[in-house]
Amino acid sequence: ANPFYSSSCCAVACPANSRGADVPQGCSCNAGYSGAVSAVISSPFYTNMCSAVACPANSAGPDVPTGCTCNAGYSGVVSAITTGAFYSSTCFAVACPVNSRGASVVAGCFCNAGYSGEVSAVTSSPFYTSTCSIVACPANSAGANVPTGCSCNAGYSGVVVATNNGAFY
């Protein structure tokens, strides 16, 4: 008994940047991609609207699936996920290092009074470089250094006070 037809209807595989059994059963965008895959009746038998998500705030890179890294002065990671914004980011501004002050490395850190140097943001741990170093006692004074205290030598009057500018005392 001839059924009077021949069948070559085959399920189409999920397209690039998506996953699932096949198009008729449903495809979902891969981690780091947003959009949807829909079945249609003309070739290639689906519309693929899965597109790579841009790197989030405080990070840089081509896109989330390819890889994003936290910007200089930020610590953390960006990971591709399949829900919500399609990424998870823990990039946070790093605190100012020892012997400096400020809101964060990104906002700007300045060496403490009696220290000389600067703090710069970088992309590798600890996410800053610091050259803040102790300023020695000035001429005609004695002591360990400016932050711990200097006294004028015998025969000299005045005081040595740690400051944040100029000679730092």
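Buried means under 20% relative accessible area. The views below come from a predicted model.

**View 1. The disulfide between Cys-14 and Cys-27.** Cys-27 has 12% relative accessibility, so this residue counts as buried. Its partner Cys-14 is buried because its relative accessibility is 18%. A disulfide joins the two, with an S to S distance of 2.1 Å. The torsion about their S-S bond is about -90°, which means a left-handed disulfide. The pair links distant parts of the chain, 13 residues apart. Cys-14 sits in the segment before S1, and Cys-27 in the loop between S1 and strand S2 (28-29).

**View 2. Ser-18 in strand S1.** Strand S1 covers residues 18-19 and includes Ser-18. Is Ser-18 buried or exposed? Ser-18 has a relative accessible area of 11%, so it is buried. Its side chain reaches the backbone oxygen of Pro-15 at 2.6 Å. Neighbours within four places in sequence are left aside for the contacts that follow. Ser-18 then touches Cys-27, Ser-28, Cys-29 and Asn-30. Val-37 and Cys-50 are also in contact with Ser-18. Cys-27 is thus a contact of Ser-18 and the disulfide partner of Cys-14.

**View 3. The disulfide between Cys-111 and Cys-132.** The sulfurs of Cys-111 and Cys-132 are joined in a disulfide, S to S 2.1 Å. The S-S torsion is about -85°, so this disulfide is left-handed. Cys-111 lies in strand S14 (residues 110-111). Cys-132 lies in the loop between strand S17 (128-130) and strand S18 (133-134). The bond therefore ties together parts that are 21 residues apart in sequence. Cys-111 and Cys-132 are both buried.

**View 4. The disulfide between Cys-137 and Cys-150.** Here the S to S distance is 2.0 Å, in a disulfide joining Cys-137 to Cys-150. The torsion about the S-S bond is about -85°, so the disulfide is left-handed. Distant parts of the chain are linked, 13 residues apart. Cys-137 is in the loop between S18 and S19, while Cys-150 belongs to strand S20. Both Cys-137 and Cys-150 are buried.

**View 5. The hairpin of S19 and S20.** Strand S19 (residues 141-145) and strand S20 (residues 149-152) run antiparallel. How many bridges join S19 to S20? Three bridges join them. The hairpin connects S19 to S20 through three residues. Asn-145 stands opposite Gly-149 in S20. Strand S20 also holds Cys-150, the disulfide partner of Cys-137.

**View 6. Cys-9 and Cys-10, with sulfurs too far apart for a bond.** Why is there no bond between the sulfurs of Cys-9 and Cys-10? The sulfur of Cys-9 is 7.5 Å from the closest cysteine sulfur, in Cys-10, which is too far for a bond. A disulfide needs the two sulfur atoms within 2.5 Å. For Cys-10, the closest cysteine sulfur is in Cys-9, at 7.5 Å. Cys-9 is exposed, with a relative accessible area of 75%. Cys-10 also counts as exposed, at 66% relative accessibility. Elsewhere, the structure holds seven disulfides. Among them are Cys-14 to Cys-27, Cys-111 to Cys-132 and Cys-137 to Cys-150.

Key: Residues numbered from 1 in each chain as written. Predicted model: local features only at pLDDT ≥ 70, side-chain atom pairs only at ≥ 80, totals over all residues. Heavy atoms only, no water. Helix = DSSP H or I, 4+ residues; strand = E, 2+ residues; numbered from the N terminus. Buried < 20%, exposed > 50% of the residue type's maximum accessible area, 1.4 Å probe, protein only. Polar contact = N/O pair within 3.5 Å; in protein donor to acceptor, adjacent residues only side chain to side chain. Contact = heavy atoms within 4.5 Å. Pairing = 2+ DSSP bridges.
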